[in-house]
Amino acid sequence: MAGEKKRLAELAALVQGELVGDPEVLIGGVADFDSAGEGEITFVADLKHGARLAECRAAAIIVPAAATGINGSAIRVRNPYLAVARIHALFVDEPFAATGIDARAVVGHDCHIPAEVSIGPLVYLGNRVRLGRRITLHPGVVVYDDAVIGDDAVLYANVTIGHGCRIGNRVIIHSGAVIGSDGFGYATDENGHHVKRPQVGVVQIDDDVEIGANTCIDRATFGKTWVKRGAKIDNLVQLGHNVVIGEDALLVAQVGIAGSATTGNNVVLGGQVGLSGHIHLGDRVMIAAKSGVHNNLEPGAVVAGIPAIPHKTWLRSSAVYAKLPEMVRELRELRRRVAELSRAMTPGEDESLGNNG
Amino acid sequence: MAGEKKRLAELAALVQGELVGDPEVLIGGVADFDSAGEGEITFVADLKHGARLAECRAAAIIVPAAATGINGSAIRVRNPYLAVARIHALFVDEPFAATGIDARAVVGHDCHIPAEVSIGPLVYLGNRVRLGRRITLHPGVVVYDDAVIGDDAVLYANVTIGHGCRIGNRVIIHSGAVIGSDGFGYATDENGHHVKRPQVGVVQIDDDVEIGANTCIDRATFGKTWVKRGAKIDNLVQLGHNVVIGEDALLVAQVGIAGSATTGNNVVLGGQVGLSGHIHLGDRVMIAAKSGVHNNLEPGAVVAGIPAIPHKTWLRSSAVYAKLPEMVRELRELRRRVAELSRAMTPGEDESLGNNG
Amino acid sequence: MAGEKKRLAELAALVQGELVGDPEVLIGGVADFDSAGEGEITFVADLKHGARLAECRAAAIIVPAAATGINGSAIRVRNPYLAVARIHALFVDEPFAATGIDARAVVGHDCHIPAEVSIGPLVYLGNRVRLGRRITLHPGVVVYDDAVIGDDAVLYANVTIGHGCRIGNRVIIHSGAVIGSDGFGYATDENGHHVKRPQVGVVQIDDDVEIGANTCIDRATFGKTWVKRGAKIDNLVQLGHNVVIGEDALLVAQVGIAGSATTGNNVVLGGQVGLSGHIHLGDRVMIAAKSGVHNNLEPGAVVAGIPAIPHKTWLRSSAVYAKLPEMVRELRELRRRVAELSRAMTPGEDESLGNNG
């Protein structure tokens, strides 16, 4: 923790918010609504929680621009989540402190390693690895030959970076993630045996990407598997060979994307979503959790289901699903009544009507 | 293996079972039905397999209380699975043998480590780590600063425990699991860029929890992500930030639970189940494999499907699903017949009826 | 790269293809269609891409047997994927070069390790481990006591092999995979507490299997969990205790298979598929991505959905799904019309008809 306190006025300026109350209140950290107390700032994200504002014991509170009924000091902002993220980072982000290369790390030959790095014990670097400045490699990280990692990147414990893969600046990779495993590619011979297709491409991760724990990103068969700037990937996600993820994408946990599928920018994929190979999602596509997408989607499409359909349709159809047995009964009853009516009107025709029963 | 043989009478007393046959039979281990032989005990879990009792070559057999037709020696119990678990543990559980701290482990400063521990080579402990007695840390385990681990815990190869996380007594964590990675929390700015929200909470794992291989449990944004006493979590499960899992829960492999979802005690979540964030499951909720739950569930609810509905309804609805094309045909045929009848009765009105076709 | 160039005639002979053009063209490697240039061979996998043949700048091209309109040199083959896999391997597969046992690896007692191996730094081998010839163990690999690994196996970074597990010849295991974690087996006592059932079996992986990154394969309760010859398993897959996977199976990423399920040979399971425990899939079964299978399947069955139904039926039913709300409206309209007709014909009977509305 930086430990240094800030005036509320300073925080309001940082997030371009409107200050309410005492500009001189000193704030030393951020806490959640129920636990925040003296010297701390907290937040409410939307107005429906505004009724609880009076309960707040924090020194100050970040509130939506339209909030009323504030006792004490506050900062009004358009996006409370964004404001709290920025203010919180101000308090908890620490300046990089280089610890150098631990003697119990293993470093190959012809590596490029700046002086200002923190490489922990039990790290393995292959040959010709190129590291950026202010990089942090935690214990158990394995970086294979010829990999390149940018400035200010942080790789947590037991992360693997495959040979020749390229990791951008400020990338964060959580424990156990595997970048650059072989793609799942085989050709099947006349006996049904699968012959491995060499996977000679790489993975490229652009600046400001974050990758979750135990996530796997396969190298390309040829060329590169590519995660573009600012994309955020949760835990246990699978990206197949030659996948391209657009800028500022959000991929929630356990998403699986088959080989050569690509996405535009700012897509949001809910947890456990699956994409078929070779499809393309346009910019800003949103896919509900657990959906399965087999086809290209236009920019801005919002879909759900397996196979995915427009989300609004899915909401209606899934509501009907639970009533299917009732529909079957109604249909049967209607058939019976229609047959009766038919018989009453045109005796002798009823056999032909009953044939679907 | 402890290697020591036990009298059948002793085993029957251990599991409060009814002894059948020779109390003096000596048993040295447990085996499955088909391979069990001399000196071994086996079991049948339910009466439907009772017909095979005569084929048994084991020295003794654990059977349901109502079992008949037993040749030879047996123990009748209410719950054969439970009895066999306890008897088997008696034979295979070995007393803890401390090997100390391997010279090739890396230990930070100000750690609290009892004398009676087994810390393998290539283990990394940060600073101020506190370990319980009779703890076993396998090779490649990484424990970050300020973490606390209870007595008799076993952490298998390459497990990561994040800074400040707290692990209870007798907890077992399988290889590659990551406890305390950052929660997936971002605020999105006016340009669509995602700003990381600091994740400053911890993970707390209570006593007697078991966690599967490569499972990921994120730290809380504030406060704690919490797995309560006796919960058992399978492999490749994802728990988001601030999730709370109740006592004695069973989470089968590849379950994914979004941030701030909470469960009561004794819930059972089938494989690949997904829970939305911020929902609550009551005690004893059961969710069928692959289901997706978006709403709170009452205690004892049994549900299935995406979105989840009562399991009994789901069974009926899913049976209808395969017949949907047939229903469409029937509906079309009915429309045709009704239009015919309508025409026959009230000529001139048929156009208005066909408008959905 | 082997670096050595080959005559096109030699490559054509290797894949039993028909040579078109100049047999003396020298080829030094394989590249994809768009990037291939001088000295390289590329391919088109099917005729629909044949229109682009004229754009090809490669020295030669592998094409389907029926391809026409070839400018320059080519090899015509029945299965272009298979031919390119074999030719590509010829260029990129390098002969094994033993580096011995790194001084920073940890080796237990009574291990059997041939002279011709490559064991990297930070590898851990327990006691009585038996390794085959020309084995490659990457940094961070942990092999527990009594495990056996065959000739020419490659284990990437941070792979775990549990005690007593057996890995065949030419097996490839990608980073972070866990072979031999405990099965998820508990018996529940009268208080709802789960008592761990000892998991005393092993995992057996037969020859020529490939296992993806962060995949988990649990050891058997008794006996063995078994992956048979030539099966290929993608990333983040979960195999429960006592699962048996048949020869030449393909399991795509994030598949989950519950305990004691078994498959025949040459099955194909799409991404995120789930199998219930104790079921059996016949040879050549194919399961669409995201499906859930609860029952045995006959050889050659092709299924989809949750629960899985024949794939053709599923295609039709899922097309109807989006139209369910429309069906509800049609059904309501029909009921109304039938009630009207009924009323017109038999006044006084209409109440009994409206009772499902």
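1. Helix 4 of chain A and helix 3 of chain B are oblique to each other in this predicted model. Their axes come within 8 Å and cross at roughly 60°. Helix 4 of chain A spans residues 324-345, and helix 3 of chain B spans residues 311-321. The angle falls outside the range counted as roughly perpendicular, 65 to 115 degrees, and is not under 35 degrees, so the pair is classed as oblique.

2. The residues that bring these two helices together can be named. On the side of chain A they are A:L324, A:P325 and A:V328 in helix 4. On the side of chain B, helix 3 contributes B:R316, B:S317, B:V320 and B:Y321. By class, the residues of this helix contact comprise 5 nonpolar, 1 polar and 1 charged.

3. The helix pair should be read alongside the contact as a whole. That contact takes 55 residues from chain A and 53 residues from chain B. On the side of chain A that touches chain B, two or more residues come from each of helix 2 (80-92), helix 3 (311-321) and helix 4. Helix 4 of chain A provides the largest share of that side, with 10 residues. The side of chain A that touches chain B has 27 nonpolar, 19 polar and 9 charged residues.

4. A further point concerns the arrangement of the chains. A turn of 120° with a shift of 0.0 Å along the axis lays chain C on chain B, with an RMSD of 0.1 Å. This is the relation of a three-fold axis.

Notes. Residues numbered from 1 in each chain as written. Chains lettered and ligands numbered in written order. Predicted model: local features only at pLDDT ≥ 70, side-chain atom pairs only at ≥ 80, totals over all residues. Axes fitted to C-alpha atoms, helices over the stretch in contact; angles between N-to-C directions. Helix = DSSP H or I, 4+ residues; strand = E, 2+ residues; numbered from the N terminus. Parallel < 35°, antiparallel > 145°, perpendicular 65-115°, else oblique. Contact = placed C-beta atoms within 7 Å. Nonpolar A, V, L, I, M, F, W, Y, C, P; charged D, E, K, R; others polar. Least-squares fit on C-alpha atoms with pLDDT ≥ 70 in both.
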